Amino acid sequence: VQGILDLVSGGTVTQFARLTKIFDLATATGTYAATGAGFVPELLIVISNYNQELTGGIGFSVGSGANNWNWYFEDDSVETSGNGSGHFADYWPNSSHRVQFAVNSLDADGYTCGFTKTGSPTGSFYIEVLCLRFAAD
């Protein structure tokens, strides 16, 4: 989170783009290259949602590894999670099924994310990403 605060406090947004993707969790594997930003983003703000229900999260990324963070929530429970261990989006309906999304790289035209699955999650997972680039003030 400190890296995000340092980036945001040190400049003005000069470019932004919104990239969206709907994943079929039953068939999603490997990596996904999100393109169309037109620049190398420095900060990703992520809003995720499962099956257009009140289950989802918000996340941030300034690169790969521990530079990802997310907060997950469900409508029917108090289950929430703040995660600074490398994922910008997360969905787990129970302990047997889970999917986690993480940024692998920030690219010339967007970003590449990878995801890991536990069990056999199903349904649609919506990800909207605001890509930002900053210039020093």
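## Briefing: strands, core and a cavity

Setting aside residues up to four places away in sequence, Thr112 touches Thr31, Tyr32, Ala33, Ala102, Val103, Asn104, Ser105 and Asp107. Thr112 sits in strand β9, and this is a predicted model, so keep that in mind as you click through it. From here, we'll look at the strands around β9, then the core, the cysteines and the cavity.

**Thr112 and its strand**

- Thr112 counts as buried because its relative accessibility is 16%, and the cut-off for buried is under 20%.
- On one pairing of β9 you'll find β2 (residues 31-35), which runs antiparallel to β9 and is joined to it by 5 bridges.
- For a landmark in that pairing, look at Thr35, which stands opposite Gly110 in β9.
- β9 also pairs with β8, again in the antiparallel sense, over 9 bridges.
- There, Val103 stands opposite Cys113 in β9.
- β8 and β9 make a hairpin, with 2 residues between them.

**Following the strands from β8 to β7**

- β8 has an antiparallel pairing with β7 too, this one over 4 bridges.
- Tyr91 is a handy marker here, standing opposite Val99 in β8.
- A hairpin links these two as well, with 2 residues joining β7 to β8.

**The β3, β4 and β5 strands**

- β3 and β4 are antiparallel partners over 6 bridges.
- Pick out Ile45 to see it: the bridge partner of Ile45 in β4 is Phe60.
- β4 pairs with β5 in the antiparallel sense, also over 6 bridges.
- In that pairing, Ile58 has Trp71 in β5 as its bridge partner.

**The largest nonpolar core**

- There are 26 residues in the largest nonpolar core, and the ones touching the most other members are Phe23, Phe88, Phe101, Tyr111, Phe125, Ile127 and Cys131.
- At least two residues of this core come from each of β1 (11-24), β3 (43-50), β7 (89-94), β8 (97-107), β9 (110-118) and β10 (124-136).
- The top contributor is β10, which gives 4 residues to this core.
- As background, nonpolar side chains tend to be buried together in soluble globular proteins.
- Tyr111 is worth a closer look: leaving out neighbours within four places in sequence, Tyr111 is in contact with Leu19, Tyr32, Ala33, Ala34, Leu44, Phe88, Ser105, Leu106, Ile127, Val129 and Cys131.
- Two of the residues on that contact list, Tyr32 and Ala33, are also touched by Thr112.

**Cysteines**

- Cys131 counts as buried because its relative accessibility is 0%.
- Cys113 is buried as well, since its relative accessibility is 1%.
- If you're hunting for disulfides, the structure holds 0 of them.

**The cavity**

- The count comes to 1 cavity of 30 Å³ or more.
- The largest cavity has a volume of about 40 Å³.
- Its lining is made up of Val46, Ser48, Gly56, Gly57, Ile58, Gly59, Asn70, Trp71, Tyr72, Phe88, Ala89 and Asp90.
- β3, β4 (56-61), β5 (68-73) and β7 are the elements that each give two or more residues to the lining of the largest cavity.
- β4 provides the largest share of that lining, with 4 residues.
- Ile58 and Trp71, the bridge partners mentioned for β4 and β5, both line the largest cavity.
- Phe88 turns up twice in this briefing: Phe88 is among the core residues that touch the most other members, and Phe88 also lines the largest cavity.

Terms used:
Residues numbered from 1 in each chain as written. Predicted model: local features only at pLDDT ≥ 70, side-chain atom pairs only at ≥ 80, totals over all residues. Heavy atoms only, no water. Disulfide = S-S within 2.5 Å. Buried < 20%, exposed > 50% of the residue type's maximum accessible area, 1.4 Å probe, protein only. Core = buried A, V, L, I, M, F, W, Y, C linked by side-chain atoms within 4.5 Å. Contact = heavy atoms within 4.5 Å. Pairing = 2+ DSSP bridges. 1 Å grid on protein atoms, 1.4 Å probe; cavity = no way out; pocket = protein on both sides within 12 Å on 5 of 7 lines; lining within 4 Å. Points joined across faces, edges and corners; volume = space filled by probe spheres on them.
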